[in-house]
Amino acid sequence: MQNGLRFATLAVHAGEAPCPATGALDTPIYQSTTFVSANADEMAAVYGEQKFGYMYTRYGNPTIRALEEKLAALEGGEAAVATASGMAAISSAILGFVKAGDHVVASRSLYGAAYHFLADKLPRMGASTTFVDSTHPDEFESAIRPNTRLLYFETPSNPVLGITDIAAVAALGRAGGIPTMIDNTFASPVLQQPLALGVTVSVHSATKYLCGHGDAMGGAIIGPRDYIRAVSRDVLRDFGGVISPFNAWLILRGIHTLHVRMPAQCASAQKIAEFLGHHPRVERVNYPGLPKHPGHEIACRQMRHFGAMISFEVKGGYEAGKRVMDGVKIFARAASLGDTRSLIVHSASTSHQAVPREERLKVGITDGLVRLSIGLEAVEDLIQDLDQALAL
Ligand SMILES: Cc1ncc(COP(=O)(O)O)c(C=O)c1O
């Protein structure tokens, strides 16, 4: 692809080209586990990476390759590797930097399984994590030790929509020679370009906005070429969390409309957040597009739109939050996010039920917190739906 093309053109074209053999315009799904070689020498050259080629889908596949090239182009990275899920991306990307004896400083406000990986799985492997409030980057700085090998964060964060100053954390990492890693799932590369702000590696749950239609699990790691090669070879091949060619194709197809879907979803989210902000039954709205959000100014600097995720505290606590989730008629009561369909969860009774109350309160997951993923329905219908559920 030519350099300097705009995001929309890259979303449609990067990584893909008509098939030279058949003229097929769309990228074929190479639904094959294995690829033949002409002879032993050729296979040896592919194994030894003296020659580019495919031999086994866990090592590489042309459909997956197309997705990886598109992801690298959109995120502005040197290279990318696609994975079976967001968690496969996060765990593999971290293991690409961290070994026994190493230390990570991470944001406390993270997607739950990422938090568990850092808090529970890394210690099993002999590494440790210190959690900090990443909305205050100086907390990262004071937690750094001589053996710190990674600074890890998520912005906007799940589910409280905390905003971390990406450039500030990246600068801290660079000053100390420590790589930085961001989970860019909530923003997607349409809204936020962390690598251009100095972050070393960006990870995604491609299951969300990149796919966009709620029909394929996937993940992505984007960063420096040598690091991506090392993660592919030394982590993914052995742990095995590779994406299937069919899911890679679904995500490729989803990305073709990412730049159209995302701004539309964000525009609806802004209107819904404003509606909730004025609703008498709502205590607090977490949405970075609202001027009173504590991260609003930073979000204005580092995001193109403010995202399509909102969380809000319903007056009346736990039961009131559940009542709103039970009362909606258009929103689907469902986990995940980033779909064309709008989704709703009451965090305390569902996604965070296993987290002790004091722990979840520490990260802002209050009793009445309801999380919304805004889809592509008419915003007036979504507002009406929330209004009637809040009135119950
Ligand atoms: C911010 C964030 N990162 C990572 C993940 C994990 O992604 P996956 O479910 O694709 O493994 C999720 C899942 O909800 C998420 O919300």
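**Exercise 1. Find which domains the chain is assigned, then work out how they sit against each other.**

Solution. Start with the assignment: domain 1 covers 7-30 + 61-255, and domain 2 covers 258-390. Keep in mind that this is a predicted model. Next, take the domain centres over C-alpha atoms; 24 Å lie between them. Finally, go through the contacts: 34 residues of domain 1 touch 37 residues of domain 2.

**Exercise 2. Work out which residues touch the most other members of the largest nonpolar core, and where the core's residues come from.**

Solution. The core has 82 residues, and the ones touching the most other members are Leu-276, Ile-310, Phe-312 and Leu-372. Now look at the sources: helix 11 (residues 258-277) gives the largest share, eight residues. Then check the domains: domain 1 and domain 2 each supply at least three residues to this core. There's also another core lying apart from it, with 28 residues, including Ala-93, Tyr-152, Val-203 and Val-231.

**Exercise 3. List what Phe-312 contacts once neighbours within four places in sequence are set aside.**

Solution. With those neighbours dropped, Phe-312 touches Leu-276, Val-282, Arg-284, Val-285 and Val-324, plus Gly-368, Leu-369, Val-370, Leu-372 and Leu-390. Two of these, Leu-276 and Leu-372, already turned up in Exercise 2.

**Exercise 4. Is Tyr-56 buried, partly exposed or exposed, and which surface patch does it belong to?**

Solution. First place it: Tyr-56 is in the loop between helix 2 (40-47) and helix 3 (62-75). Its relative accessibility is 38%, so Tyr-56 counts as partly exposed. Then look around on the surface: Tyr-56 joins Met-43, Tyr-47 and Tyr-59 in a nonpolar patch, and together they have about 400 Å² of accessible area.

Terms used. Residues are numbered from 1 along each chain as its sequence is written. This is a predicted model: local features need pLDDT of at least 70, side-chain atom pairs count only at pLDDT 80 or more; totals for chains, interfaces and linings use all residues. Side-chain values use heavy atoms; hydrogens and water are left out. A nonpolar core is a set of buried Ala, Val, Leu, Ile, Met, Phe, Trp, Tyr and Cys residues joined through side-chain atoms within 4.5 Å. Buried means under 20% relative accessible area, exposed over 50%, partly exposed in between (1.4 Å probe, protein chains only). Helices (H or I, at least four residues) and strands (E, at least two) are DSSP runs, numbered from the N terminus. Domain bounds come from an automatic or database domain assignment. Contact means heavy atoms within 4.5 Å. Patches are made of residues with over 30% relative accessible area and no salt bridge: like charges are joined within 9 Å, nonpolar side chains (Val, Leu, Ile, Met, Phe, Trp, Tyr) within 5 Å. Accessible areas come from the Shrake-Rupley method with a 1.4 Å probe; for residues, only the protein chains shown count as cover. A salt bridge is a side-chain nitrogen of Lys or Arg within 4 Å of a carboxyl oxygen of Asp or Glu.
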